[in-house]
Amino acid sequence: MKLYKISTLLFLCLSTPSWALSNDTEQPIYIDSDNQELDIQKNIVTFTGNVILRQGSIDIRADKVVITRPNGQDGQETIDAYGKPATFHQIMDDGKPIDGASLKMRYETAIDFLKMTDEAILIQEGSEIQGKVITYKIDEQRLVAESGKKKRVTTILQPKNLNNNKK
């Protein structure tokens, strides 16, 4: 499987200096679902059925969300979302939205790391990145897209975004 580093292309594709609203990760996490199962000993909560997770401007929708809090420590949550697809929406500091979708998403709150797996796509202002796996290290603003077998990473840049970055 080929690995394509497209961090320089990211600046062309996504014209914002930061993906997240500055204080999103400092906000409480709200979750609505049809069902919830809690394993107190393992610190795992599983939400199923029309799951909606919100944290600041972040909005994740999935069929199933599993939140693990290792050793019960706040700020160390791992959030796994599954759907057909699971979707991600967020507003950046400049007010522009970014949207994503994949069959599986993993967000590690302690290290600000998002991983989207299987049919992953990120879209902003009509430009998009598609791949088998897309990872984003939020605090470093570093994105890596990876292709699958017999597939390639696809990036679509809208002319408007290219022209805005030439200034």
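Let me start with the pairing of β3 and β4, which run antiparallel and are joined over five bridges, in what I should say at once is a predicted model. Within that pairing, Leu38 sits opposite Val45 of β4. The two strands make a hairpin with four residues between them, and in the turn Asn43 has a positive phi of about 55°. As for how far we can lean on this region, strand β3, covering residues 35-39, has the highest mean pLDDT among the elements of the chain, at 96.

The opposite end of that ranking belongs to helix α1, residues 7-13, whose mean pLDDT is 31, the lowest among the elements. Over residues 1-19 the pLDDT is below 50, and although this stretch has 58 contacts in the model beyond near neighbours in sequence, I would be careful with them. Where pLDDT is low, the predicted coordinates should not be read in detail. For the chain as a whole, the mean pLDDT is 81, and 82% of the residues reach 70 or more.

Now the overall layout. The chain holds two helices and 11 strands, and reading along the sequence gives the order β-α-β-β-β-β-β-β-β-β-β-β-α. Of the 167 residues, 38% are buried, and the accessible surface comes to about 9500 Å², with 49% of it belonging to carbon and sulfur atoms. If we take the contacts between residues at least 6 apart in sequence, 45% of them join residues that are at least 24 apart.

Staying with the strands, let me move further along the chain, to two more hairpins. β7 and β8 are antiparallel and joined by eight bridges, with Asp99 standing opposite Ile123 of β8. Their hairpin has four residues between the strands, and Asp112 takes a positive phi near 50° there. β8 then pairs on to β9, again in the antiparallel sense, through 10 bridges, and here Thr117 stands opposite Val133 of β9. In this second hairpin there are two residues between the strands, and Glu125 is the residue with a positive phi near 50°.

What lies inside? The largest nonpolar core has 27 residues, and the ones with the most contacts inside it are Val65, Ala81 and Ile134. Two or more residues apiece come from β4 (44-55), β5 (58-68), β6 (78-91), β7 (97-108), β8 (113-124), β9 (127-137) and β10 (142-146). The element that gives the most is β5, with five residues. To take one of those well-connected residues, Ala81 is in contact, leaving aside neighbours within four places in sequence, with Ile60, Ala62, Lys64, Val65, Ala86, Leu103, Lys104 and Met105.

I would also like to look at some polar residues, beginning with Asp80, which lies in strand β6. Is Asp80 buried or exposed? Its relative accessible area is 5%, and because the cut-off for buried is under 20%, Asp80 counts as buried. The side chain of Asp80 makes a polar contact with the side chain of Arg106, at 2.7 Å. Beyond its neighbours within four places in sequence, Asp80 is in contact with Lys64, Val65, Val66, Lys104, Met105 and Arg106.

Then there are two threonines. Thr46 has its place in strand β4, and with a relative accessible area of 18% it falls under the 20% limit and is therefore classed as buried. Which residues does Thr46 touch, once neighbours within four places in sequence are set aside? They are Asn35, Gln36, Glu37, Lys64, Val65 and Val66. The pair Thr46 and Val65 shows how the chain folds back: these residues are 19 apart along the chain, yet their C-alpha atoms are separated by 5.9 Å.

The other threonine, Thr135, belongs to strand β9, and its relative accessible area of 16% likewise places Thr135 among the buried residues, since that value is under 20%. With neighbours within four places in sequence again left out, Thr135 is in contact with Phe113, Leu114, Lys115, Arg142, Leu143 and Val144.

To close, let me go back to confidence: strand β3, where I began, carries the highest mean pLDDT among the elements and helix α1 the lowest, and it is over residues 1-19 that the pLDDT is below 50.

Notes
Residues are numbered from 1 along each chain as its sequence is written. This is a predicted model: local features need pLDDT of at least 70, side-chain atom pairs count only at pLDDT 80 or more; totals for chains, interfaces and linings use all residues. Side-chain values use heavy atoms; hydrogens and water are left out. pLDDT is the predictor's confidence in each residue, from 0 to 100. Contact means heavy atoms within 4.5 Å. A nonpolar core is a set of buried Ala, Val, Leu, Ile, Met, Phe, Trp, Tyr and Cys residues joined through side-chain atoms within 4.5 Å. Buried means under 20% relative accessible area, exposed over 50%, partly exposed in between (1.4 Å probe, protein chains only). Accessible areas come from the Shrake-Rupley method with a 1.4 Å probe; for residues, only the protein chains shown count as cover. Two strands pair if DSSP finds at least two bridges between them. A polar contact is a pair of N or O atoms within 3.5 Å; within protein, one must be able to donate a hydrogen and the other to accept it, and residues adjacent in sequence count only if both atoms are side-chain atoms.
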